[in-house]
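Here's a walk through one model, starting with a charged residue and working outward. Have the structure open as you read.

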Amino acid sequence: MVISMTGFGRSRITSASFSVNVEIKTVNHRFSEVNVRMPRHLLKVEDKIKKKVNEHLRRGRAEVYIMIEGEGAVTRKIQIDWKLLEEYYLFIKEAREKFSLEGKVSLQDLLTWNEFLHIEENDTGNEELESLVLQAAEEAVLLCKQMRAREGEELRKDLLTSLELLDTNIDELKEYAPQVVSAYKERLLKRM
């Protein structure tokens, strides 16, 4: 069986809390290489996803894209560097006094620099989400595998058609072979 190296598979699985989209695109590559792009809080399942892909696709480069929609996958918390923010506040206040600038230090003045604020994401360890991701990855890789098999069958048919055409052309050329030899001999004799 001929299997193509290029393929695509997409799966979308939805639960009450989440919607998981997985897309897999494969291209020709000498070895097996799997690259996964997904939210950072799912990095702990990356190896499981790679194993699933490698179970079904032996060769080629596979790009796996995972998108998550829904709440509860991570908890977010704002972290503020109060000491740095205070130093910045005092700097602005002192600069206004030193250069006789009008106005007061506003909240907007303080929030113009992103160095003070940091949003920290914590993984909630949601097993339902991990299960959905693995299930969607399995479906997507199976669809990709089916596409590669269909394309491989089309390639096989195309190659067989080309071989039949070549056989026909060879048979036609065999008929002309004696004439070509005699014509070439005549031209050589004329030159001599």
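Let's begin with R12, which at 49% relative accessibility counts as partly exposed, because only values over 50% would make it exposed. Keep in mind that this is a predicted model, and that every value here is computed from it.

What does R12 do with its side chain? It meets the side chain of E69 in a salt bridge, with 3.7 Å from N to O. E69 is partly exposed too, with a relative accessible area of 44%. In sequence terms this pair links distant parts of the chain: R12 sits in strand β1 and E69 in strand β4, 57 residues apart.

Where do those strands belong? Four strands make up an open sheet with mixed pairing, and the order is β1-β2-β4-β3. The edges are taken by β1 (7-14) and β3 (32-37), each of which pairs on one side only. From one strand to the next, the twist averages 15°.

In the middle of that order, β2 (residues 18-27) and β4 (residues 60-70) run antiparallel and are joined by 10 bridges. If you want one rung to look at, take V22, whose bridge partner in β4 is I66.

Two helices go with the sheet. Helix α1 (residues 46-56) packs on it and touches β2, β3 and β4, and its direction makes about 140° with that of β3. Helix α4 (residues 127-191) lies across β1, β2 and β4, running at about 150° to β1.

Back to the charges. The count of salt bridges comes to nine, and three of them are set out here.

| Pair | Closest N and O atoms |
|---|---|
| R12 and E69 | 3.7 Å |
| E33 and R61 | 2.5 Å |
| R61 and E63 | 2.9 Å |

The E33 and R61 pair also links distant parts of the chain, with E33 in strand β3, R61 in strand β4, and their positions 28 residues apart. How accessible are the partners? E33 has a relative accessible area of 26%, so it is partly exposed, and R61, at 26% relative accessibility, counts as partly exposed as well. E63 is another matter: at 8% relative accessibility it counts as buried, since the cut-off for buried is under 20%.

R61 shows up in both of the last two rows of the table, pairing with E33 and with E63. Which residues are tied together here? The salt bridges link E33, R37, R61 and E63 in a network.

Now for something without charge. I78, I80, W82, L107, L111, L117 and I119 make a nonpolar surface patch of about 740 Å². Which strands feed it? Both β5 (74-80) and β6 (117-123) supply at least two residues each. I119, one of the patch residues, lies in strand β6. With a relative accessible area of 53%, I119 is exposed, because that value is over 50%.

To pull the pieces together: the open sheet runs β1-β2-β4-β3, α1 packs on it, and α4 lies across β1, β2 and β4. A salt bridge joins R12 to E69, while E33, R37, R61 and E63 form their network. The nonpolar patch, with W82 among its residues, draws on β5 and β6.

Conventions
Residues are numbered from 1 along each chain as its sequence is written. This is a predicted model: local features need pLDDT of at least 70, side-chain atom pairs count only at pLDDT 80 or more; totals for chains, interfaces and linings use all residues. Side-chain values use heavy atoms; hydrogens and water are left out. Two strands pair if DSSP finds at least two bridges between them. Axes are lines fitted to C-alpha atoms, for helices over the stretch in contact, and angles run from 0 to 180 degrees between N-to-C directions. Contact means heavy atoms within 4.5 Å. A salt bridge is a side-chain nitrogen of Lys or Arg within 4 Å of a carboxyl oxygen of Asp or Glu. Buried means under 20% relative accessible area, exposed over 50%, partly exposed in between (1.4 Å probe, protein chains only). Patches are made of residues with over 30% relative accessible area and no salt bridge: like charges are joined within 9 Å, nonpolar side chains (Val, Leu, Ile, Met, Phe, Trp, Tyr) within 5 Å. Accessible areas come from the Shrake-Rupley method with a 1.4 Å probe; for residues, only the protein chains shown count as cover.
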